[in-house]
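Biologist: I should like to go through this model step by step, with the reasoning given for each answer. May we begin once it is on display?

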Amino acid sequence: MTVYRSLFDHVLTRTDPERAHHGAFRAIRAARPALRLRRTPGAPVDALGLRFPNVLGLAAGFDKNAVGIDALAALGFGHVEVGTVTGEPQPGNPRPRLFRLPEDRAILNRMGFNNDGAEAVAARLDARARGLDRLDHRQRPVLGVNIGKSKVVPDDDQAAVEADYEKSARLLAPYADYLVVNVSSPNTPGLRNLQAVEKLQPLLEHVRRTADAVTEARVPLLVKIAPDLADEDVLGVADLAGVIGLDGIIATNTTISRAGLRTPAARVEEIGAGGLSGPPLTQRSLAVLRLLRDRVGPDLTLIGVGGITSVQGARERLAAGATLLQAYSAFVYEGPLWPRRIIQGVTR
């Protein structure tokens with residue numbers, strides 16, 4: 001057992017999860033000067049017309065407001081996906097809204113896209129961009145920007161939905177190495193309804209046009225889908241990707257399923273609604289990835305995320321067809337040395 005894991009199991013599990021997250025993230029940012037000279041581990045990966053320093057990235061949700069991109073890269077992540085960012089700033093759902101399930105090494109959240117909004121995040125990314133020349137190019141991660149629907153926008157008003165995503169894309173695409181449309185969080189009412197192909201296609205096409213209008217070079221566009229989609233709907237998204245020239249798919253977001261948990265049912269019921277991440281998600285996320293790869297062929301970029309906790313699990317996801325990997329829950333449970341262990345393990 002690592003020192004961090006012992007600390008987590010015996011100390012941090014007694015701390016409010018959201019408060020612990022903010023404290024740990026502040027510590028990571030404070031440690032950045034000592035970390036910045038460390039060589040980024042792993043072998044580069046060419047995908048989306050970009051060169052990723054290595055195969056492993058940090059999933060959206062950890063750095064919602066783009067405040068610690070380069071500090072996180074210094075821990076070894078080859079790409080960092082910030083967000084989810086919405087067109088309008090919003091506080092998210094009432095607390096408590098973040099929960100640990102230690103018996104399952106899982107996290108349950110109903111954060112509700114709490115973030116500073118597209119305007120504030122764009123200003124932050126602009127300031128970062130102006131300072132990038134001072135950062136060693138070997139320590140620059142690929143930057144993904146994940147955008148979602150503002151809660152105040154009704155999902156059944158397609159024009160309003162498109163306008164909301166348009167605002168985020170217009171402001172943030174100029175700073176993104178790739179852009180992700182998130183229609184799969186379970187914590188914004190009606191959001192997952194946008195995964196239906198008849199709603200998703202015009203939305204993605206509108207975001208594509210918006211991004212193209214505000215950038216000189218084409219920014220790759222991806223969509224992030226839920227593990228709870230039926231197989232035929234997963235295949236529908238795969239087919240849509242080919243029809244509209246989507247650059248990639250991220251599989252998958254959190255799940256609303258509670259099947260197979262070790263955590264006592266009474267505790268799960270007490271916690272209530274939210275998206276579950278970590279090992280309980282592994283098998284379904286892997287299955288969705290395989291469905292997608294079989295459907296889209298070898299060329300489309302697929303990012304595998306959900307329940308990757310070990311080198312073996314990372315290798316299994318790559319063998320199933322993932323071009324790149326992302327993590328979240330395992331990073332929280334295993335600590336700041338975990339990314340390098342995974343990257344070094346899959347490149348041996």
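Biologist: Which exposed residues does the face of helix 11 turned away from its buried side carry?

Modeller: Please keep in mind that this is a predicted model. In helix 11, residues 311-319, the buried residues are Gly 313, Ala 314 and Arg 317. They cover an arc of only 100° around the axis, which puts them on the same side of helix 11. The face turned away from that buried side carries the exposed residues Gln 312 and Ala 319.

Biologist: What covers the buried residues of helix 11?

Modeller: Gly 313, Ala 314 and Arg 317 are the residues of helix 11 to consider, as they are buried. Their cover includes two helices and two strands, namely helix 10 (282-296), helix 13 (338-346), strand 12 (301-305) and strand 13 (324-327).

Biologist: Which residue just after helix 11 takes a positive phi?

Modeller: Helix 11 spans residues 311-319, and the residue in question follows just after this helix. Its phi is about 120°, and the residue is Gly 321.

Biologist: How many residues of strand 7 are buried?

Modeller: One may examine the two faces of the strand in turn. On one side Val 142, Gly 144, Asn 146 and Gly 148 are buried, and on the other Leu 143, Val 145 and Ile 147 are buried. Both faces are therefore covered, as a residue counts as buried under 20% relative accessible area. For strand 7, residues 142-148, the count of buried residues is seven of seven.

Biologist: In which sense does strand 7 pair with strand 4 and with strand 8?

Modeller: With strand 4 (residues 79-86), strand 7 forms six bridges, and Val 80 stands opposite Leu 143. With strand 8, strand 7 forms four bridges, and the partner of Ile 147 is Val 181. The sense of the pairing with strand 4 is parallel, and that of the pairing with strand 8 is also parallel.

Biologist: What is the handedness of the crossover from strand 7 to strand 8?

Modeller: The chain leaves strand 7, passes through helix 6 (residues 158-172) and arrives at strand 8. This path is a β-α-β crossover, and its handedness is right-handed.

Biologist: How many aromatic pairs does a search of the whole structure find, and why does the pair of Phe 52 and Tyr 178 count as tilted?

Modeller: The search finds five aromatic pairs. The ring centres of Phe 52 and Tyr 178 are 6.5 Å apart and the planes stand at 40°. Planes under 30 degrees apart would count as stacked and those over 60 as edge-to-face, so the rest are tilted. The angle that makes this pair tilted is thus 40°.

Biologist: How many residues apart in sequence are the parts that the pair of Phe 52 and Tyr 178 ties together?

Modeller: Phe 52 lies in strand 2 (residues 50-52) and Tyr 178 in strand 8 (residues 178-182). Phe 52 is buried at 0% relative accessibility, and Tyr 178 is buried with a relative accessible area of 0%. The parts tied together are apart in sequence by 126 residues.

Biologist: Is Arg 208 buried or exposed?

Modeller: Arg 208 has its place in helix 7, residues 197-214. Leaving aside residues up to four places away in sequence, Arg 208 touches Arg 218, Val 219, Pro 220, Leu 221 and Asp 247. Its relative accessibility is 13%, so Arg 208 counts as buried.

Note on methods. Residues numbered from 1 in each chain as written. Predicted model: local features only at pLDDT ≥ 70, side-chain atom pairs only at ≥ 80, totals over all residues. Heavy atoms only, no water. Phe/Tyr/Trp six-rings, centres within 6.5 Å; stacked < 30°, edge-to-face > 60°. Buried < 20%, exposed > 50% of the residue type's maximum accessible area, 1.4 Å probe, protein only. Pairing = 2+ DSSP bridges. Right-handed = clockwise from strand over helix to strand, strands pointing away. Arc of directions from axis to C-beta. Contact = heavy atoms within 4.5 Å.
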